[in-house]
Amino acid sequence: MMDGNGNGPTKSSASPGDREQAEQFGRYLGLFPLLAIVLRSISLARQSTIEKKTLPLRPPFNAEFVLYLLLPREEMEVVSGDLIEGYGTVLERFDKRRADIWFYKQVVGSLLPLLRRALLRIGTLVWLGRILRRLVPNVGFALEVAHDRHSVRIR
Amino acid sequence: MKKPSNYIGEFEELVLLAILSQGDNAYGVTIRQALEEATARSISIGSLYTTLSRLEDKGLVESWVGGPTAERGGRAKKHYKVKGSAQSLLREVQAARQRLKDLETIGGI
């Protein structure tokens, strides 16, 4: 320290009380980094919670596409809506990866009954077609003749 | 109007009872939850909707599509209601079951 005339360092006149206070202040200063880390981690946790809540409900594309292939048009929206509702709950509780796994599980579990129904529908159509062909053997020929007549009339 | 069928399977009966238990809030998710809680087994959404459409075909259940909601990603809900004919059918099934139970008691089994 310099004296009033600028003659170099002089003896410190700090009392022991002042020194104690300075040491205490130093200790508090040392706590600042720790406090900063704690505050930062709290803000990150809050941010991740907000992100989780505002995540768009986007289930795995492939799994949803399988549903679209197997379901009739009127049921598509309803079934995928039900699954997305459950997906949102799982996403809120866990994370996206686990929610995706849950969604895949639901779709795989539904494959068998949906495939069976689709095959039954196709089978019924084939069966009806066969019966019709037996009942009206020349139905294709009759249709062709009718079409030809119609086109001749147009000409 | 479709004529109601007079035969229902075990799972169809459970689905009808689940719809009745949910009252006005009977749609896919709630029906499935009620079934899973009651039977303590996992029900796939595919088998539930297959059964619901079969019940509709039999004329036992009626449905209507509600408005889209944000929690479902903008998709609509389909609500279900058990028709009066289905309720009387359920009562018949219960009565038949009771009669068989009585016969079993008479037989001393």
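## Exercises on a two-chain predicted model

**Exercise 1.** Check the end-to-end span of helix α3 (residues 73-93) of chain A against the expected one.

*Solution.* Start with the rule: the expected span is 1.5 Å times one less than the number of residues. With 21 residues, α3(A) should therefore span 30 Å, and its end C-alpha atoms lie 31 Å apart, which agrees. Helices here are DSSP runs of H or I with at least four residues, strands are runs of E with at least two, and both are numbered from the N terminus.

A word on conventions: this is a predicted model, in which local features need pLDDT of at least 70 and side-chain atom pairs count only at pLDDT 80 or more, while totals for chains, interfaces and linings use all residues. Residues are numbered from 1 along each chain as its sequence is written, and chains are lettered from A and ligands numbered from 1 in the order in which they are written.

**Exercise 2.** Place α3(A) in its surroundings: which elements do its buried residues pack against?

*Solution.* First, the setting: chain A has five helices and zero strands. Next, burial: a residue is buried if 20 or more other C-beta atoms, placed from the backbone, lie within 10 Å of its own. Of the 155 residues of chain A, 12% are buried. In α3(A), the buried residues include Val78(A), Leu83(A), Ile84(A) and Tyr87(A). Finally, the partners: the buried residues of α3(A) pack against α2 (61-70) and α4 (96-135) of chain A, and against α2, α3 and β2 of chain B.

**Exercise 3.** Describe the side of chain B that touches chain A.

*Solution.* Count contacts, meaning C-beta atoms, placed from the backbone, within 7 Å: 15 residues of chain B meet 20 of chain A. Two or more residues come from each of α2 (28-39), α3 (45-57) and β2 (75-82) of chain B, with α3(B) giving the most, five. By class, this side of chain B has four nonpolar, six polar and five charged residues.

**Exercise 4.** How do β1 (residues 61-69) and β2 of chain B pair?

*Solution.* Pairing requires at least two DSSP bridges; these strands have seven, in the antiparallel sense. Pro68(B) stands opposite Ala76(B) of β2(B). Five residues separate the strands of this hairpin, and Gly73(B) in the turn has a positive phi of about 65°.

Notes
Two residues are in contact if their C-beta atoms, placed from the backbone, lie within 7 Å. Ala, Val, Leu, Ile, Met, Phe, Trp, Tyr, Cys and Pro count as nonpolar, Asp, Glu, Lys and Arg as charged, and the others, Gly among them, as polar.
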